[in-house]
Structures are given as C-alpha cells and as structure tokens.
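Notebook open, model loaded. I want to look up aromatic rings first, then a couple of single residues.

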Amino acid sequence: MSLIEAARISFRPVTAGDYPLLETWLNAPHWREWWGEPETELGYIRDMVEGRDTTRPFVFLLDNEPAGYIQVWTIADHLKQPWLSEAPWMTEVPVESVGVDIGIGEAARLSRGLGSTVVRLFAERLSAEGHETILIDPDVTNLRAVRAYEKAGFRKLIVSRESSGDSETLIMKFAHTGAEGESGMAE
C-alpha cells in the first residue's frame, strides 16, 4: 500500500463544468455499488451547486488533477423526508453534526491510501471550521471504506438498520486524531 502525502491533495468547489466528469464517475461500477442511481445523484449535486441544497460539494485533486468527489452536509438540514426515512439514525446524533460522503474517481486509485488521506484532511478542515461532530456513514459491508475511515481517524459510533431493512449503516465519528499522527501521511 502506497503513502499519499497530504501536500498533494487539494479541494475545490464543484461547478457546472464538473458535471460530465461526475457523471462518468457516478456510472463506474465501484460507484454504482454504493451510491444511488447516477442521474438522481447528479441531480442532487446540481441542486447543491445551484443553491437548492445546503450540502457543500467538492472535487478533490491529487497533484492538481481531479481524483474524486467529497461533500459535507448538516444533519439539521436533513431532518426531514425523504432523508429521515432513508437514514433514521440522524435522530440519534447531535443536530449540529455534519456528515461527509466521498467517492474515489477512478477504480485504479482504490486501496492506495487516497481515500483515507482525503477524508482525514477534509475532516481536519471541518474541525478547524468549528465542527465538533463529524460523521461518515458507510454500509457495514463496505469493508474497504470502513478500513479507510478508521485509518483517517473515524471511530464506530452506532450501527443503524436502514428503513429498507436490507442493510446496516455504520455511523463513524471523527476522533480528531488519525492513525497517521502529525506526519501528513496516510497508508
């Protein structure tokens, strides 16, 4: 497993010009496995970019090249339908909590330390902005993601059965200190 230096990662807000790239990523098999229907997800991102949703979407860059997508959303703004029926666990965490979602652009970049580095840096940034409870919510069967989030400094908070009843979500909280310490490196 290679190491990714923190200095190689940057973030920029998603713009309308990113929609074709995001659509390509959303249609990739490794995205389709864990994200919703590509056109629906892209519609949500359009709502964010155009100000109809408070979620803040970003493209993350590796060496100044787009490498994936990350977003931050507030629990308080999603304590309504359809979000509550899809994620009932939101009633069990502080309303001022923020949630993070991430997707690695190309499958070739999976399991190389990119996700754990990016999510740690993003969570540290959110912490510096004053957010005290930073959550991420992988499906319990997405072991690759769970391991990456643990390396990034997230710890198990609760396990919630989804309203559909066919899966469980692991709610993880950023512990403000990653396994990598102060080096700026991640596995």
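Which residues form one aromatic cluster? I looked it up: Trp25, Trp31, Trp35 and Tyr69 make up the cluster. Note to self: this is a predicted model.

**Entry 1, ring pairs.** I had the aromatic pairs counted, taking ring centres within 6.5 Å as the cut-off. The count comes to nine. I then picked out Phe58 and Phe122, whose ring centres are 5.5 Å apart with the planes at 70°. Anything over 60 degrees goes down as edge-to-face, so I logged this pair as edge-to-face.

Where do Phe58 and Phe122 lie? I found Phe58 in strand β3 (residues 56-62) and Phe122 in helix α5 (residues 114-128). The pair therefore ties together parts that are 64 residues apart in sequence.

Next I checked whether these two rings belong to buried or exposed residues, with buried meaning under 20% relative accessible area. Phe58 comes out at 6%, so I put it down as buried. Phe122 is at 1%, so that one is buried too.

**Entry 2, charges over rings.** I went back to Phe58 and found the charged end of Arg125 over its ring, 5.0 Å from the centre. I also noted Arg46, which lies over the face of Tyr19 at 5.1 Å from the ring centre.

**Entry 3, Val14.** I placed Val14 in the loop between β2 (9-13) and α1 (19-26). Its relative accessible area is 7%, so I have Val14 as buried. What does Val14 contact, leaving aside neighbours within four places in sequence? My list reads Tyr19, Leu22, Ile45, Val49, Pro57, Phe58, Val59 and Tyr69. Phe58 from Entry 1 is among them, and so is Tyr69 from the cluster. For Val59 I also looked up the backbone: its C-alpha atom is 5.7 Å from that of Val14, although the two residues are 45 apart along the chain.

**Entry 4, Gln71.** I found Gln71 in strand β4 (residues 65-74). Is Gln71 buried or exposed? I have it as buried, because its relative accessibility is 9%.

I then asked which side chains the Gln71 side chain meets in polar contacts. One is that of Tyr69, at 2.4 Å, and another is that of Asp101, at 2.8 Å. Leaving aside neighbours within four places in sequence, I listed the contacts of Gln71 as Met48, Thr55, Arg56, Pro57, Gly99, Val100, Asp101 and Phe122. That brings me back to Phe122, the helix α5 member of the ring pair in Entry 1.

Notes:
Residues are numbered from 1 along each chain as its sequence is written. This is a predicted model: local features need pLDDT of at least 70, side-chain atom pairs count only at pLDDT 80 or more; totals for chains, interfaces and linings use all residues. Side-chain values use heavy atoms; hydrogens and water are left out. Rings of Phe, Tyr and Trp (its six-membered ring) pair if their centres lie within 6.5 Å; planes under 30 degrees apart count as stacked, over 60 as edge-to-face and the rest as tilted. Helices (H or I, at least four residues) and strands (E, at least two) are DSSP runs, numbered from the N terminus. Buried means under 20% relative accessible area, exposed over 50%, partly exposed in between (1.4 Å probe, protein chains only). A charge sits over a ring if NZ of Lys or CZ of Arg is within 6 Å of the ring centre and within 35 degrees of the ring normal. Contact means heavy atoms within 4.5 Å. A polar contact is a pair of N or O atoms within 3.5 Å; within protein, one must be able to donate a hydrogen and the other to accept it, and residues adjacent in sequence count only if both atoms are side-chain atoms.
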